[in-house]
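User: Please take one position in this chain and look at it closely, then work outwards to the parts around it. I would like a connected account rather than a list.

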Amino acid sequence: MITFEVDDLREMTERVRGFADFLRRGGVSDEDVFASRIVSCELISNVILHGGEAALFRGEICDGGIVITVSASGFDKVDIKPSLPDVLAESGRGMYIVNCISLGNVEKICGGLKVTIKMKS
(Lines give C-alpha, C1' and ligand atoms only; values in the text may rest on other atoms or scores of the structure.)
Protein backbone atom coordinates (compact mmCIF):
# COMPACT_ATOMS: atom_id res chain seq x y z
CA MET A 1 0.00 0.00 0.00
CA ILE A 2 1.10 3.57 -0.67
CA THR A 3 -0.34 6.69 0.94
CA PHE A 4 0.31 10.39 0.60
CA GLU A 5 -1.25 13.81 0.92
CA VAL A 6 -1.06 16.36 -1.88
CA ASP A 7 -2.37 19.91 -2.08
CA ASP A 8 -0.61 21.25 -5.17
CA LEU A 9 -1.00 20.10 -8.78
CA ARG A 10 2.73 20.48 -9.42
CA GLU A 11 3.39 18.09 -6.55
CA MET A 12 0.69 15.68 -7.73
CA THR A 13 2.65 14.51 -10.78
CA GLU A 14 5.62 13.39 -8.71
CA ARG A 15 3.44 11.67 -6.12
CA VAL A 16 1.43 9.79 -8.74
CA ARG A 17 4.70 8.77 -10.42
CA GLY A 18 5.66 7.16 -7.10
CA PHE A 19 2.36 5.29 -7.12
CA ALA A 20 3.04 4.07 -10.67
CA ASP A 21 6.48 2.82 -9.58
CA PHE A 22 4.83 1.00 -6.66
CA LEU A 23 2.42 -0.70 -9.10
CA ARG A 24 5.23 -1.72 -11.49
CA ARG A 25 7.19 -3.25 -8.59
CA GLY A 26 4.02 -5.22 -7.82
CA GLY A 27 3.98 -6.70 -11.33
CA VAL A 28 1.14 -4.57 -12.71
CA SER A 29 1.04 -4.23 -16.51
CA ASP A 30 1.85 -0.93 -18.21
CA GLU A 31 -1.75 -0.66 -19.43
CA ASP A 32 -3.13 -0.98 -15.91
CA VAL A 33 -0.52 1.43 -14.53
CA PHE A 34 -1.59 3.97 -17.16
CA ALA A 35 -5.27 3.56 -16.25
CA SER A 36 -4.42 3.95 -12.56
CA ARG A 37 -2.48 7.14 -13.21
CA ILE A 38 -5.42 8.65 -15.09
CA VAL A 39 -7.86 7.80 -12.30
CA SER A 40 -5.48 9.06 -9.61
CA CYS A 41 -4.85 12.36 -11.37
CA GLU A 42 -8.55 12.96 -12.05
CA LEU A 43 -9.54 12.34 -8.45
CA ILE A 44 -6.71 14.36 -6.92
CA SER A 45 -7.26 17.22 -9.38
CA ASN A 46 -10.95 17.35 -8.52
CA VAL A 47 -10.14 17.76 -4.83
CA ILE A 48 -7.51 20.44 -5.37
CA LEU A 49 -9.25 22.43 -8.12
CA HIS A 50 -12.86 22.19 -6.97
CA GLY A 51 -12.48 21.70 -3.24
CA GLY A 52 -9.44 23.87 -2.63
CA GLU A 53 -7.99 21.45 -0.13
CA ALA A 54 -5.48 18.65 0.25
CA ALA A 55 -6.27 15.21 -1.15
CA LEU A 56 -5.53 12.17 0.97
CA PHE A 57 -4.51 9.31 -1.33
CA ARG A 58 -4.25 5.58 -0.76
CA GLY A 59 -3.42 3.02 -3.45
CA GLU A 60 -3.07 -0.73 -3.20
CA ILE A 61 -3.11 -3.94 -5.19
CA CYS A 62 -5.88 -6.16 -3.89
CA ASP A 63 -7.61 -9.31 -5.21
CA GLY A 64 -6.76 -8.80 -8.89
CA GLY A 65 -7.52 -5.12 -8.80
CA ILE A 66 -5.99 -1.76 -8.10
CA VAL A 67 -7.85 0.09 -5.37
CA ILE A 68 -7.50 3.86 -5.31
CA THR A 69 -9.01 5.85 -2.47
CA VAL A 70 -8.96 9.64 -2.40
CA SER A 71 -10.61 11.53 0.41
CA ALA A 72 -11.42 15.11 1.25
CA SER A 73 -14.59 16.82 2.38
CA GLY A 74 -15.22 18.11 -1.17
CA PHE A 75 -16.12 14.63 -2.39
CA ASP A 76 -19.42 14.64 -0.52
CA LYS A 77 -21.10 16.36 -3.49
CA VAL A 78 -19.57 14.33 -6.35
CA ASP A 79 -21.85 12.48 -8.77
CA ILE A 80 -20.24 9.07 -9.11
CA LYS A 81 -22.37 7.98 -12.09
CA PRO A 82 -22.29 11.04 -14.35
CA SER A 83 -23.48 11.08 -17.93
CA LEU A 84 -21.19 12.14 -20.74
CA PRO A 85 -20.94 15.93 -20.58
CA ASP A 86 -21.41 18.16 -23.58
CA VAL A 87 -18.26 18.47 -25.66
CA LEU A 88 -18.09 22.20 -24.87
CA ALA A 89 -18.75 21.79 -21.14
CA GLU A 90 -16.11 23.29 -18.89
CA SER A 91 -16.32 20.54 -16.31
CA GLY A 92 -17.74 17.09 -15.70
CA ARG A 93 -15.45 14.94 -17.82
CA GLY A 94 -13.20 13.76 -14.98
CA MET A 95 -15.70 11.59 -13.13
CA TYR A 96 -17.09 10.32 -16.43
CA ILE A 97 -13.58 9.15 -17.39
CA VAL A 98 -13.00 7.59 -13.96
CA ASN A 99 -16.32 5.76 -14.21
CA CYS A 100 -15.48 4.44 -17.71
CA ILE A 101 -11.98 3.26 -16.80
CA SER A 102 -13.19 1.51 -13.65
CA LEU A 103 -16.24 -0.01 -15.39
CA GLY A 104 -18.46 1.62 -12.78
CA ASN A 105 -16.50 0.40 -9.77
CA VAL A 106 -16.72 3.74 -7.98
CA GLU A 107 -18.18 4.03 -4.51
CA LYS A 108 -18.60 6.82 -2.03
CA ILE A 109 -16.98 6.23 1.30
CA CYS A 110 -16.84 8.46 4.34
CA GLY A 111 -15.26 11.67 3.06
CA GLY A 112 -14.08 10.28 -0.25
CA LEU A 113 -14.25 7.96 -3.19
CA LYS A 114 -12.96 4.44 -3.65
CA VAL A 115 -12.28 3.27 -7.20
CA THR A 116 -11.37 -0.29 -8.14
CA ILE A 117 -9.73 -1.02 -11.48
CA LYS A 118 -9.80 -4.69 -12.43
CA MET A 119 -6.41 -5.64 -13.82
CA LYS A 120 -6.43 -6.92 -17.38
CA SER A 121 -3.43 -9.17 -16.94
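Analyst:
**K114 and its surroundings**

K114 counts as partly exposed, because its relative accessibility of 28% falls between the 20% under which a residue is called buried and the 50% over which it is called exposed. This is a predicted model, and the description that follows should be read with that in mind. K114 is found in strand β5, which covers residues 112-118. Once its neighbours within four places in sequence are left aside, K114 is in contact with V67, I68 and T69 on the one hand, and with N105, V106, E107 and I109 on the other. Strand β3 spans residues 65-71, while β4 spans 106-109. The C-alpha atom of K114 is also separated by 9.9 Å from that of L43, although the two residues are 71 apart along the chain.

To place this strand, it helps to set out the chain as a whole. The chain holds three helices and five strands, and from the N terminus on these elements run β-α-α-β-β-α-β-β. Of the 121 residues, 41% are buried. Among the contacts between residues at least 6 apart in sequence, 61% join residues at least 24 apart. The chain exposes about 6700 Å², of which carbon and sulfur atoms supply 52%.

Two of the names already met lead into the interior. I68, a contact of K114, and L43 are both listed, together with F19, I44, F57 and V70, as the residues with the most contacts inside the largest nonpolar core, a set of 28 residues. This core draws two or more residues from each of β1, α1, α2, β2, β3, α3 and β5. In soluble globular proteins, nonpolar side chains tend to be buried together. F57 gives a view of the core from another side: not counting residues up to four places away in sequence, F57 touches I2, T3, F4, F19, S40, I44, I68, T69 and V70. I68 and T69 thus appear among the contacts of F57 as well as among those of K114.

F19 leads on to helix α1, whose buried residues are M12, V16, F19, A20, F22 and L23. These residues cover an arc of only 155 degrees around the axis, which means that they sit on the same side of α1. The cover over them includes β1, α2, β2 and β3, whereas the face turned away from the buried side carries the exposed residues R10, E14 and R25. Along its length, α1 has 17 residues and reaches 25 Å from its first C-alpha to its last, close to the 24 Å expected at 1.5 Å a residue.

The strand that holds K114 is also met from helix α3. In α3, the buried residues are G94, M95, V98 and N99. Seen down the axis, they fall within an arc of 130 degrees, so they line one face of the helix. These residues pack against α2, β4 and β5.

Just after α3, the backbone does something worth checking in the viewer: L103 takes a positive phi of about 55 degrees, although L103 is not a glycine. L103 lies in the loop between α3 and β4 and, at 70% relative accessibility, counts as exposed. Its C-alpha atom is separated by 8.5 Å from that of K118, 15 residues further along the chain, and residue 118 is where β5 ends. D63, in the loop between β2 and β3, is another residue other than glycine with a positive phi, here near 50 degrees. D63 is exposed as well, with a relative accessible area of 81%.

A bench reader may also wish to know about the cysteines. A disulfide is a covalent bond between the sulfur atoms of two cysteines. With a limit of 2.5 Å between the sulfur atoms, the count comes to zero disulfides. C100 is partly exposed, with a relative accessible area of 42%, whereas C110 is exposed at 80%.

To return to the starting point, K114 is a partly exposed residue within β5, and one of its contacts is I68, which is among the residues with the most contacts inside the largest nonpolar core.

Conventions:
Residues numbered from 1 in each chain as written. Heavy atoms only, no water. Helix = DSSP H or I, 4+ residues; strand = E, 2+ residues; numbered from the N terminus. Buried < 20%, exposed > 50% of the residue type's maximum accessible area, 1.4 Å probe, protein only. Contact = heavy atoms within 4.5 Å. Areas by Shrake-Rupley, 256 points an atom, 1.4 Å probe, with all protein chains shown as cover. Core = buried A, V, L, I, M, F, W, Y, C linked by side-chain atoms within 4.5 Å. Expected span 1.5 Å × (residues − 1). Arc of directions from axis to C-beta.
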